[in-house]
Amino acid sequence: MCEKRLKGKNALVTGGSRGIGRAICLRLAEEGAHVVINYASNEDAAKEVLTLIEASGGSGSLLPFDVSDASSVKEKISGFIKESGPIQILVNNAGITRDALVARMKEADWDKVISVNLKGAFNCVQACAMAMMKARWGRIINIGSVVGTSGNPGQANYAAAKAGLEGLTKTVAKEMATRGITVNLVAPGFIETDMTAVLPEKIKERLLGEIPLGRMGQPQEVAAAVAFLASEDASYITGHTLHVNGGLVCQ
């Protein structure tokens, strides 16, 4: 059992029902936070995460909403704050892919990915900001991607959204620093999740050949980076991008 570095904190994790989001929820709960599990549609998976948290002696709750819907975000988050107090830790993890080459990408697929992956983070930051500033303490952690730095053929929308998250992170970090709020970005590389599980074996072999550590990452390794940035151990780190990619992109 790890140290309860986050005891007494409310932590909202968007897209917390599966993959990296699920691992983040479990790790933050292990560290003592009350974890608010956000999901858009997969209620069964979200309930499973909550069950695992509670079975381990942790505390959590469910908060369904679509991050791209600004009015829903404000309504649900303000309702939680009114009933349970401020959200001190916000992890913007929700994300989708709609891959295609630029020449063939549908406008709707471009708009949807930007709306969820980038605008969704903005919506949640804005909904949590005032309570954090009033408390003069907060942690905002955005989940980016290595492709936001390197680019990736067939993912212009996804890479643009993740690169945009880095700019959002740096700007909000400067705006909110005087209120005791840190804002950072964790940029995973290729992590073993449902998304990567469907990749053809030839592509997986090529990717592994490009990763200096010679393996894909685990969701728990991303979650560990998030937990560190959420804690007091990272109190003098803000506006930073922490790459968790096995050396795939070294910065």
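What follows is a short talk on the fold, the cores and the salt bridges of one protein chain.

Thank you all for coming. Before anything else, please keep in mind that what you have in front of you is a predicted model, and that the values I quote are computed from its atoms.

Let me begin with the overall picture. The secondary structure of the protein chain amounts to nine helices and seven strands. If we take the C-alpha atoms along the principal axes, they fill a box of roughly 50 × 40 × 40 Å. For a chain of 251 residues, a compact globule would be expected to have a radius of gyration near 18 Å, and the protein chain, at 17 Å, agrees with that. Buried residues account for 49% of the 251 residues. As for how the contacts are spread along the sequence, if we consider those between residues at least 6 apart, 74% of them join residues at least 24 apart.

I would like to go next to strand 5, which spans residues 138-143 and is mostly covered, six of its six residues being buried. The covering applies to both faces, with Gly138, Ile140 and Asn142 buried on one side, and Arg139, Ile141 and Ile143 buried on the other. Who are the partners of this strand? Strand 4, residues 89-92, runs parallel to strand 5 and is joined to it by four bridges, and strand 6, residues 181-188, also pairs with strand 5 in the parallel sense, here over six bridges. Asn142 is a convenient residue to follow across these pairings, since it stands opposite Asn92 on the one hand and opposite Leu185 in strand 6 on the other.

Returning to the pairing of strand 4 with strand 5, which is parallel and made through four bridges, we can ask what lies between them along the chain. The path crosses from strand 4 through helix 4 to strand 5, and this β-α-β crossover is right-handed.

Helix 4 itself covers residues 107-135, and Asn123 lies in it. Is Asn123 buried or exposed? With a relative accessible area of 4%, Asn123 is buried, and, setting aside residues up to four places away in sequence, it touches Val67, Ser68, Asp69, Ala70 and Val73.

Now to the nonpolar interior. In soluble globular proteins, nonpolar side chains tend to be buried together. In this model, the largest nonpolar core has 38 residues, and the ones with the most contacts inside it are Leu12, Phe65, Ile77, Leu90, Ile140, Met176 and Ile181. The elements that contribute two or more residues to this core are helix 3, helix 4, helix 6 and strand 6, and helix 4 gives the most, with 10 residues. To look at one member in detail, Ile77 is in contact with Leu12, Phe65, Ile87, Cys124, Ala127 and Cys128, once its neighbours within four places in sequence are left aside. Apart from this core lies another, of 33 residues, which includes Leu28, Val35, Leu50 and Ala225.

My last topic is the charged pairs. Side chains of opposite charge can pair when their charged atoms come close. The structure holds 10 salt bridges, and I will go through three examples.

In one of them, the side chains of Asp233 and Arg5 meet at 2.9 Å, N to O. Asp233 lies in the loop between helix 9 and strand 7, whereas Arg5 belongs to the segment before strand 1, so this pair ties together parts that are 228 residues apart in sequence. Asp233 is exposed, at 52% relative accessible area, while Arg5, at 24%, counts as partly exposed. Both residues also belong to a network of salt bridges that links Arg5, Arg27, Glu31 and Asp233.

The next example is within a helix: Glu166 and Lys170 form a salt bridge at 3.4 Å, N to O. Because these two residues are four apart in helix 6, about one helical turn separates them. Lys170 is partly exposed, with a relative accessible area of 39%.

Finally, Glu201 and Lys204 meet in a salt bridge at 3.8 Å, N to O, and both lie in helix 8, three residues apart, or about one turn of the helix. What is the accessibility of each partner? Glu201 counts as exposed at 52% relative accessibility, whereas Lys204, at 19%, counts as buried, the cut-off for that class being under 20%.

That is where I will stop, and I am happy to go back to any of these regions on the screen.

Notes
Residues are numbered from 1 along each chain as its sequence is written. This is a predicted model: local features need pLDDT of at least 70, side-chain atom pairs count only at pLDDT 80 or more; totals for chains, interfaces and linings use all residues. Side-chain values use heavy atoms; hydrogens and water are left out. Buried means under 20% relative accessible area, exposed over 50%, partly exposed in between (1.4 Å probe, protein chains only). Contact means heavy atoms within 4.5 Å. Two strands pair if DSSP finds at least two bridges between them. A crossover is right-handed if, with the strands pointing away from the viewer, the path from the first strand over the helix to the second runs clockwise. A nonpolar core is a set of buried Ala, Val, Leu, Ile, Met, Phe, Trp, Tyr and Cys residues joined through side-chain atoms within 4.5 Å. A salt bridge is a side-chain nitrogen of Lys or Arg within 4 Å of a carboxyl oxygen of Asp or Glu. The radius of gyration is taken over C-alpha atoms; the globule rule is 2.2 Å times the number of residues to the power 0.38.
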